[in-house]
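Student: I should like a close look at a single part of this structure. Please take one sheet and describe how its strands are arranged and what packs on them.

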Amino acid sequence: MRRAPLPPAAKKRVAACASRQVRETPSFPRVTTSAFPTVADPAAPPAPVDVRALAGALAGIVGPSHVLTRDASLLVYRSDGLPGLARDPALAVFPGSRDELVAVMRALAAVGAPFVARGAGTGLSGGALADGVTLLGLHRLKRILAIDAEARTATVEPGVVNASLTKAVAPFGLHYAPDPSSQTACTIGGNIAENAGGPHCLKYGVTLNHVLRATIVLPDGTVIPLDRGDDGGYDLLGAFVGSEGCFGVVADVTVRLTPDPERVITLLADFTSVRAAADATSRIIAAGILPAALELMDQATIEAVESSIYAAGYPRDAAAVLLIEVDGAAAGLEEDAAAVETECRGAGARGVRVARDATERARLWQGRKKAFGAMGRVSPHLAVQDAVVPRTQLADVLEEIQVIGARHGLRVCNVFHAGDGNLHPNIPYDAGDPEQSRHVHQAMREIMARCIAAGGTITGEHGVGLDKLPYMDALLTAETLDAMCTLRDVFDPERRSNPGKVVPVRACKEWHGAASVRGGQA
Amino acid sequence: MSDQPRNVRELAGLVRDAATRSAATRDAGLRIEGAGTWMDSGHPVRAGVTLSVGAMRGIVAYTPADLTITVDAATTLAELDAATREHGQWCPLLPWGDDRGTVGATVATATAGPFAESLGRPRDLVLGVEAVDGMGRVLGAGGRVVKNVAGFDLTRAITGSWGTLAVIARLHLRLRSRPAVDESWAMVMDDARDTPGGVSRNDPGAALREFSRGPHAPLAMLDLAREDAAALALPAGTRALVRIGGNGAFVAASRAALQSTAGATAVAVEPATWDRVRTRLAPGDRALTWRWDALSRRLRERFDPARVLNPGLLGEEG
């Protein structure tokens, strides 16, 4: 799930307030996905690029009004969905057609200029920040090129907004299944870069499972088709999806469309302990039911939601609730819903409520989807995390997360995709309090370590970007990180595409054995 | 000559040795083998040594409630099926061919089967991989969780690469619950439409295709040639085989739809029929036409610069 953590009004304030003077001490509530400082990019600095000359060359391609070089006009691009991190691009360029995109990429390649592709900027890992390099905005490439209702596919440009695609194919009884909570703003190109998920990817799969073919522009300006290798070939497209903008830029992509379900049933189960809610999650999955979505919210989250304008009617005295949705053919769906209720009650649910109509369903979902926004009211800052554990570890890990929080004098709010084991432990805090910030920093580190120890991972859907770089060494071996650099080098040997992201650069070493293997040529 | 490593460290050592030897000899190449039921790609492999991962076999970790399993590469599909069946689960790789083949080979060749549309292809079911690349690096990507975007996706690159980027040592796989009710139906078509010149008013084939695209999408639907029915011991005139699975009410509705297909009669058959189908109707060996574009060549070159992993298998030397 990729989520815009601030409501649009707050985002405008970010843009309005942001300046060099206030950049690190904003006066408005801000949301960060981590309390961690960003590690400095240890890579050798790129060859100096003559920004003025480059801007001139790019303006010759896209027109002067689609190139930004002045500090003031670039301010809005200095952060993404993670306003806690800010980086200033040297310039920004916005191609308006595929031909312009290719020409821009070639112009960048010609002078060896690094660049960062960006869609709507809703990412939550700092992945779309350009630190003194060119920001390549793709939002003008927003044409839906083809819809094939019979084959259930659509071909789109990278800047098409996720929800716009679903809206365009709705008349055919189809939708685009990956539904990150930022779907009204985020773009398909960005979804591919992050391998975005969403609440309904429990049943329907993540972006990777819905991408069939793409045309990409490699960092050197070469335009190539990519597919999944079904007709005899490497799964280059599979490797490309989730590469966080480090492998190249999507020019167009063909995605799978999913038929709308015949019927949907939404349930809200109410528990007196988080452990019971986590157990119910495990029981539902183990019972062989595959809900479309299975989300958990704990007491702190319920309280924040119910105190906000997004009040969804969650029981305020519950320790946790599960929001569960089953969908599919009408036949058999009530039996699935009944089985979900049985498992919830078996795990100790105090009550299970079924949404009576679409209005109640929408209200229950709104509380979930706006939970992060609701938390913004509770404290000046919010650290949002993203980690995954095996589903049977949920109850234990959640309990230990509370213990870790208590030890640091912090309150942890949990709202997450329980069915996938995908945690989002959020910590409201005051960044103006250095002592508390230090505790948040340390608590997050301990929580990540606990998730890794449980056999889990450090990000399920937000991506590594800049934010998760400090954890990569703890999760993956040096050889694995080195191999990831190798994979990147296949697509981007000059490492100009989104430099310094995803894999700590120090992990990329030349494999000395290879030289001797090739007969001693260095 | 044959090598049989017992674990990933030994495997890495053997690959590294081969890569080093390759500077001096053209016979350093390794023919990677699992159960030995080698799938022919139609291209000769130039390898002086057979590297069998056959000893790396067995269930490593299995927590049924997580619906994930970790197995060593040479675990057979039959072993995987038996271990998971006990808990009402399966790993629906169910590729064309029989269950003596290994999980590693299925993933290495990305061999799907008749259930791929509904239950997923190998690439959809593989959550993570431990493998040794052509330089002897041990790579561990992905893991026992169902969502994971930490780093670049080595798992997808290795899946379906026919062992030419890395030798698979261990796999983390997604499992699914077996459907509570699981029925298979042979669809016996009326004779009229097959009579030369005679045109049936009904088109049961079209009706079945419509059925399979609707809310009652089956686990599998397979069109059969006339001669297949006898070979598979199915009722005469069977022209399609359908498998439906789900809870009782869902399957009842699906069954009713099949039974009301105009121009065809639904006859119940054993789900085991599909094992015969997978073996008998497996596409025969044919020369694999690999797409060797610049990116693919670079991928091969960077992960196996000494060309020791299954050299020639994908026709790249041709």
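Tutor: The following account concerns one sheet of chain A and the helices packed on it. This is a predicted model, in which local features need pLDDT of at least 70, side-chain atom pairs count only at pLDDT 80 or more, and totals for chains, interfaces and linings use all residues. Residues are numbered from 1 along each chain as its sequence is written, chains are lettered from A and ligands numbered from 1 in the order in which they are written, and side-chain values use heavy atoms, with hydrogens and water left out.

Helices (H or I, at least four residues) and strands (E, at least two) are DSSP runs, numbered from the N terminus. The open sheet comprises five strands of chain A in the order β6-β7-β11-β9-β10, with antiparallel pairing. Its edges are β6 (144-148) and β10 (223-227) of chain A, each of which pairs on one side only; two strands pair if DSSP finds at least two bridges between them. On average, neighbouring strands of this sheet are turned by 10 degrees against each other, direction ignored. Axes here are lines fitted to C-alpha atoms, for helices over the stretch in contact, and angles run from 0 to 180 degrees between N-to-C directions.

Within the sheet, β9 (residues 211-217) and β11 (residues 249-256) of chain A pair in the antiparallel sense over six bridges. A:Arg213 stands opposite A:Thr254 in β11(A).

Two helices of chain A pack on the sheet, where contact means heavy atoms within 4.5 Å. Helix α4 (residues 98-110) of chain A touches β9, β10 and β11 of chain A, and its direction makes about 135 degrees with that of β11(A). Helix α5 (residues 162-169) of chain A touches β6, β7 (153-156) and β11 of chain A, and its direction makes about 40 degrees with that of β6(A).
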